[in-house]
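Morning, everyone. I have one structure to show today, so let's put it on the screen.

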Amino acid sequence: MTKLLLLLLIVVVIVSIVLILRNRAGKNKAPAARVDPLADYPEVYDPYKIGVGDIITYAGIDHVVRGTITLDEEGYIWHEHLLDGSTGQRWLTVENDEGNLDMTLWMRREGTGLEPGGDVILDDRVHRQIERGTASFTAEGTTGTAPQGIVDYADYETADKTGLLSFERWARTQSWEVSTGRGVTRGELTVIHSGPPQ
């Protein structure tokens, strides 16, 4: 019986020592390292999945996508995203033109008094019409448009294709909105999608 008590006492002492050593090791352990919250996001963004809440960096300036308009002209679909950054607002058009990604950044031009029709002169440059039509649209987020409706548009460019000009009218009773634009490549933009990667 004495041997059994002695053996039991030795086991209790050993277990106590192990527990004390584990406790001390836990206290000396470094705190858990911080984890990059964007580590699971792909480095290559999907331009066709840009949407409200995404962050887009262009020319070193961050913009948040405030709203997205999806346009549909007889099954041909493209998107216009309202970007808001420290230098103001601009629009990003993203479309798949016969298998090619086509992205354009647009800035609104106020007070031009211009309307589509024939050649249009702006900033001492002649712009010729390349496309005109009507599309249905739906909007989400902040866009300044109705949630859905019909838009008339006309697109122009200079002879050297460096100057882009766009007219949009979101209701037949409104005046034309005028914007100048420039094409951008996928590599000029960095995009952080607001939702988890899909």
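I'll go through the fold, then the surface, then the largest pocket.

One thing up front: this is a predicted model. Every value I quote is computed from it.

Fold first. The protein has 1 helix and 11 strands. Starting at the N terminus, the helix leads, and the strands follow it: α-β-β-β-β-β-β-β-β-β-β-β.

How are the contacts spread along the chain? Take the contacts with a separation of 6 or more: 50% of them join residues 24 or more positions apart.

Now burial and surface. The chain has 198 residues, and 31% of them count as buried. The accessible surface is about 12,900 Å². Carbon and sulfur atoms hold 55% of that surface.

On to the largest pocket. How much space lies in it? About 520 Å³. In the lining there are 23 residues. Closest to the centre sit E95, D102, T104, W106 and D155.

Which elements give two or more residues to that lining? Here is the list, so you can follow on screen:

- β3, residues 76-85
- β4, residues 88-97
- β5, residues 100-109
- β7, residues 125-141
- β8, residues 148-157
- β9, residues 164-169
- β10, residues 177-184

The largest share comes from β5, with 5 residues.

What about the chemistry of the lining? By class, 9 residues are nonpolar, 9 are charged and 5 are polar.

To recap the pocket: about 520 Å³ of space, with β5 giving the largest share of the lining.

That's it from me. Over to you.

Terms used. Residues numbered from 1 in each chain as written. Predicted model: local features only at pLDDT ≥ 70, side-chain atom pairs only at ≥ 80, totals over all residues. Heavy atoms only, no water. Helix = DSSP H or I, 4+ residues; strand = E, 2+ residues; numbered from the N terminus. Buried < 20%, exposed > 50% of the residue type's maximum accessible area, 1.4 Å probe, protein only. Contact = heavy atoms within 4.5 Å. Areas by Shrake-Rupley, 256 points an atom, 1.4 Å probe, with all protein chains shown as cover. 1 Å grid on protein atoms, 1.4 Å probe; cavity = no way out; pocket = protein on both sides within 12 Å on 5 of 7 lines; lining within 4 Å. Points joined across faces, edges and corners; volume = space filled by probe spheres on them. Nonpolar A, V, L, I, M, F, W, Y, C, P; charged D, E, K, R; others polar.
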